[in-house]
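Colleague: I've got a structure up on my screen and would like a close look at one spot in it. Could you walk me through that part and then work outwards?

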Amino acid sequence: FAVIGLVSNWSKRNEWFHRASAQALWEGASARARALGYSLQHLWAREAGATPARFSQILLNRGIRGLILAPFEHPDAPFELAWENFAVVTIERPTRYTTFHHVVPSYFADMLLAWEQLRRRGYRRIGLVLDHALAERAAHQWEAAHAFEQARTGTGDPPVPTFVTHEEKGSAGVLEWLRTHRPDAIVSRSDRVRPVLREAGVRMPADLGYVSLNVIDDAPGVSGILQPRDIMGAAAVDALNAQLLVSQRGPGERSVGTHVDGVWHEGGTVRSSGRASQR
């Protein structure tokens, strides 16, 4: 059982694995696996058109009993391996497989950190823009934390409503939302926001503060939350190793997970904290 499989089940082999966040996770997991005496291999579950049943058999034939499941392309999609044969840890939390040990970013805490940093810099009207699919992937914890902060630090003015983008609608409406509600800073997890602002001539941070909830997969130089994906990878290996040591296989009886807090990355899309005291 010396090999751990990091399994991706996306429609294209490297659709997930080429991302900067995936590479960081891989590096953290690989280092921890080596320290514990394992080797880590990236395995694409659809290699050569394999079905889940065929892929399960390939894993068994190779003696692989420990699996780390990469984030699903679609969190609610089925992926029916012969789970009773494998120790499993998931990165993020697939909808259908909630009782596998899961390692996830601390979405709620990350949003609280973003608000703390923006308030420190003097921002007051803070808006949130999210991609619909990513909001669902985070179980709407970003919106929940944002609404909490709006209620807790309200100024008496109507709060800025959250704007949710949809793939089929593109970025339509972002500028109208911006003109209508006039936030002085945006917290975002949507790839459609910054291109729209740039095309409209909005300068960051001169005209508008911009905070990303995942700077590692965003444009270079943005301010925001750095999800420590390397630490998440190491935590996944630790959790899997604990299962392998006691021969635990298949889903657990209860949902158990590890949450990893992000850290602030300064970047260049918000004003410095020193300038806030001058306002």
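Where is the place of Ala 172 in this model?

Modeller: Keep in mind that this is a predicted model. Ala 172 is found in the loop that runs between S7 and H6. With a relative accessibility of 56%, Ala 172 counts as exposed, because the cut-off for that is over 50%. If you want a far-off reference point, try Met 232: it comes 60 residues away along the chain, and the two C-alpha atoms are separated by 35 Å.

The elements on either side of that loop also come up among the aromatic rings, so let's go there. Searching the whole structure turns up ten aromatic pairs. One of them is Phe 72 with Tyr 97, a tilted pair with 6.0 Å from centre to centre and 55 degrees between the planes. Phe 72 belongs to the loop between strand S3 (66-69) and strand S4 (87-91), while Tyr 97 belongs to the loop between S4 and strand S5 (101-105), so this pair ties together parts 25 residues apart in sequence. Phe 72 is buried at 8% relative accessible area, and Tyr 97 is buried at 7%.

Now back to our loop's neighbours. Phe 163 and Trp 177 have ring centres 5.9 Å apart and planes at 50 degrees, so they make a tilted pair. Phe 163 is in strand S7 (residues 163-165) and Trp 177 is in helix H6 (residues 174-181), so the pair ties together parts that lie 14 residues apart in sequence. Here too the rings belong to buried residues: Phe 163 has a relative accessible area of 16%, and Trp 177 has 5%.

Phe 72 and Tyr 97 also belong to a cluster linked by ring pairs, along with Phe 79, Trp 83 and Phe 100. Rings meet charges as well: Arg 271 lies over the face of Tyr 123, 3.8 Å from the ring centre, and the charged end of Arg 194 sits over the ring of Tyr 210, 5.5 Å from its centre.

Last stop, the largest pocket, with a volume of about 1300 Å³. It is lined by 45 residues, and the closest to its centre are Glu 73, Pro 75, Ala 133, Leu 134 and Arg 137. Helix H1 (20-35), S5, helix H4 (132-137) and helix H5 (141-152) each give two or more residues to the lining, with H4 giving the largest share, five residues. By class, that lining has 16 charged, 15 nonpolar and 14 polar residues.

Notes. Residues are numbered from 1 along each chain as its sequence is written. This is a predicted model: local features need pLDDT of at least 70, side-chain atom pairs count only at pLDDT 80 or more; totals for chains, interfaces and linings use all residues. Side-chain values use heavy atoms; hydrogens and water are left out. Rings of Phe, Tyr and Trp (its six-membered ring) pair if their centres lie within 6.5 Å; planes under 30 degrees apart count as stacked, over 60 as edge-to-face and the rest as tilted. Helices (H or I, at least four residues) and strands (E, at least two) are DSSP runs, numbered from the N terminus. Buried means under 20% relative accessible area, exposed over 50%, partly exposed in between (1.4 Å probe, protein chains only). A charge sits over a ring if NZ of Lys or CZ of Arg is within 6 Å of the ring centre and within 35 degrees of the ring normal. On a 1 Å grid over the protein atoms alone, a cavity is a set of points where a 1.4 Å probe fits but cannot get out, and a pocket is an open set with protein on both sides within 12 Å along at least five of seven lines; lining residues have an atom within 4 Å of a point. Grid points are joined across faces, edges and corners, and a volume is the space filled by probe spheres set on the points. Ala, Val, Leu, Ile, Met, Phe, Trp, Tyr, Cys and Pro count as nonpolar, Asp, Glu, Lys and Arg as charged, and the others, Gly among them, as polar.
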